[in-house]
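Please open the structure in your viewer and keep the sequence beside it, so that each selection can be checked as you go.

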Amino acid sequence: MTQAIKIEPSAAIQAAKSELTLEQIINKPKKRKLFGSSASQRADPVFTFYYPYMFYEWKVTVPRFVFRDGKALIRIGVNGLTNVAAQTDIWPECETIEAEPQSCLPCRVTEESADDECKLALENYVFKFMRPLKPPIYQLSRKEMIYLPYHVFYENSTGKKTLMITEALTGVTAEARKMKELNSWLESMARQK
């Protein structure tokens, strides 16, 4: 009896370079406890997936009546699944990688709606922090779709396995159940691996 092997083509994506690998995250020492498991017993690696974001970089000039014009370089990131925009201090370094299609979340947001959400967040930021008296001048200098890598692993503590996610760029870790839009997908992917 022969079985057919289905080979899925990999997709080339612009992914942010990970600051942390899955092994570094798993072996990262926690706060010392009197009783507890070691790092190797604490976590079981599962997989890495890529989350879509639109990054924008704006040069903003705020004309002044008396003093020099105010100038700023403002970066906005728009979540590719929820269309939520926020100001960010980082612009991730990117590399083109070959990723499996099932490990790349599809962008659910249209480019136009992401642009609109970005402009709204930009104007809110400028009017809140720069307080222009005249209309500001906005100039888009960069715009890029970047997939941020997230590492998924099981954390074993007190006999209970918890599915955890870490953003590889910043190292922020959270329980998978807190990512409401992804929780069921993450659990099904973890079961497959």
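What follows is a short tour of a predicted model, moving from one selection to the next.

Begin by selecting Asn79, which is found in strand S3. Is Asn79 buried or exposed? With a relative accessible area of 11%, Asn79 counts as buried, because the cut-off for that word is under 20%. Now show side chains, and look for the polar contact that the side chain of Asn79 makes with the side chain of Thr82, at 3.2 Å. If you set aside residues up to four places away in sequence, Asn79 also touches Tyr51, Pro52, Tyr53, Val84 and Val109.

Next, select Asn83, which you will find in the loop between strand S3 (70-79) and strand S4 (85-88). Which residues is Asn83 in contact with, leaving aside its neighbours within four places in sequence? They are Val78, Val109, Ser113, Ala114 and Glu117, and Val109 should be familiar, since Asn79 touches Val109 as well. With Asn83 still selected, add Cys107, which is 24 residues apart from Asn83 along the chain, and check that their C-alpha atoms are separated by 9.6 Å.

Finally, turn to two further cysteines. Select Cys94, which is partly exposed with a relative accessible area of 24%, and then Cys104, which counts as buried at 14% relative accessibility. A disulfide is a covalent bond between the sulfur atoms of two cysteines. How many disulfides does a search of the whole structure find? The search finds zero, so no pair of cysteine sulfur atoms lies within 2.5 Å in this model.

Notes. Residues numbered from 1 in each chain as written. Predicted model: local features only at pLDDT ≥ 70, side-chain atom pairs only at ≥ 80, totals over all residues. Heavy atoms only, no water. Helix = DSSP H or I, 4+ residues; strand = E, 2+ residues; numbered from the N terminus. Contact = heavy atoms within 4.5 Å. Buried < 20%, exposed > 50% of the residue type's maximum accessible area, 1.4 Å probe, protein only. Polar contact = N/O pair within 3.5 Å; in protein donor to acceptor, adjacent residues only side chain to side chain.
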